[in-house]
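User: Please take a close look at one chain of this model, covering its fold, its overall dimensions, its surface and its charges, and add a word on the cysteines.

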Amino acid sequence: MKKILYYLPSIIFNVVEILAIFIVGISLKLKLEIIILLFVLFAMVRIKLGGAVHYKNPIKCAFWSLTIFASLFLTSYAGLKISLPITIFCGYILTTRGNVDDMFQWKRESNYNDIDEFIKYSVTDDRKEKIKEFERKLKIEEPQLYDIYSLRFKEGYKHYEIQKMLDIPGSRLTERLNRIATSFRIYCK
Amino acid sequence: MIFQIFISILLGLIPEVLFFTLFITYTKGIKEKRVKLFLLISIAYILCMFIQRYKIFYYMLFVILIYWIMKFLYKKKTQIIDVFIISLGFIYVTIISFLGYIFFKEDLSNYYFMMFIARILLFIPFIFKDKFNILYKKYYSLWNRNDEIKRPIKSITLRNISLVTINIAIFLMNIYAISVINFIQ
């Protein structure tokens, strides 16, 4: 019962969102079958591929969902031969499968570039010793922070990958990374 | 008939294929295999645009073929966002064609003149060709999610805007194609 009450607002929000999408489709004078077909196809593509990207803010989420579906419904005027592949393509792009590779080998923009470089380019023994000492202390005093440190700075995982692995919200992960970064800068630099 | 084919090649195929080749190479900063790219896009153009004009399906097929040609020639340098770059080029070509179409006289006495002007207008953006690669790199850098820094636009918002633009363009191209077919009939 508690679980149902916890999820109830988001269930109500999703139902209202789906109804709004259908209303948009009907107001564009589309057949109900086509609306259902495009909606289900889009959802299935994102579920099948996994890694669907979402907005945290429900209002932005609703706005962009309605906009994307409205534009997909408009493509159906050109025929299902056009709108079905376009729907699949939209579903694909809005997942992590639609990511691009780091082709230009730019330095990945980050607030922790200085720490990445400090660890990467430490050649002298005393620097390496400082890093090891920091890691040892972090592991003893804050094992959870050490896990995050290890995943981010030693194994090079991205922010959303660490989020998924450790199952923590993005904002909390950022806060913990900032704590680790501040401690590192004070201790090692 | 031969004259019409010759004009189609001179005022149709060559300028448009040249436009796509230059647009892709300047945007992505590519300096190799440009002649091969031009020739392969020409083949794709003949297959998609000569055989069946004013059908949205073949326009989409043309964009997909260009993407595959780039994948074949440039391998890992070609990324999924290049579909949006090719589509942007296509949208621009369609806008120029549409401008030519709205100024056609009913007796088509100014047809060749308008076609010629349209071909010149097609290459006007290349005045700013140095900016293409800069904008492309910016677009590329904003595509993947990165929660570690504050950005002017979220990755998901950029993707949504790109998709909505393409979808609306398809809708408008469909209207344009139908009106041109009606005009020809």
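Analyst: A residue is called buried when its relative accessible area is under 20%, with only the protein chains counted as cover. The model is predicted, and in it Cys188(A) has a relative accessible area of 3%, so this cysteine is buried. Cys48(B), with a relative accessible area of 1%, falls under the 20% limit and is therefore buried as well. As for covalent links between cysteine sulfur atoms, a pair would have to lie within 2.5 Å to count, and over all chains the count of disulfides is zero.

Turning to chain B, which carries Cys48(B), the secondary structure comprises seven helices and zero strands, and the order along the sequence reads α-α-α-α-α-α-α. In overall dimensions, the C-alpha atoms of chain B occupy a box of roughly 60 × 35 × 30 Å along the principal axes. The radius of gyration of chain B is 18 Å, which agrees with the value near 16 Å that a compact globule of 185 residues would have.

The interior and the contacts fill in this picture. Of the 185 residues in chain B, 49% are buried, and among the contacts with a separation of 6 or more, 66% join residues that are 24 or more positions apart.

At the surface, chain B exposes about 10000 Å², of which carbon and sulfur atoms supply 73%. Its charged side chains number 22 positive and 8 negative, and the centres of these two sets are 8 Å apart.

Technical notes: Residues numbered from 1 in each chain as written. Chains lettered and ligands numbered in written order. Predicted model: local features only at pLDDT ≥ 70, side-chain atom pairs only at ≥ 80, totals over all residues. Heavy atoms only, no water. Buried < 20%, exposed > 50% of the residue type's maximum accessible area, 1.4 Å probe, protein only. Helix = DSSP H or I, 4+ residues; strand = E, 2+ residues; numbered from the N terminus. Rg over C-alpha atoms; globule rule 2.2 N^0.38 Å. Contact = heavy atoms within 4.5 Å. Areas by Shrake-Rupley, 256 points an atom, 1.4 Å probe, with all protein chains shown as cover. Lys, Arg positive; Asp, Glu negative; His and termini not counted. Charge placed at Lys NZ, Arg CZ, Asp CG, Glu CD.
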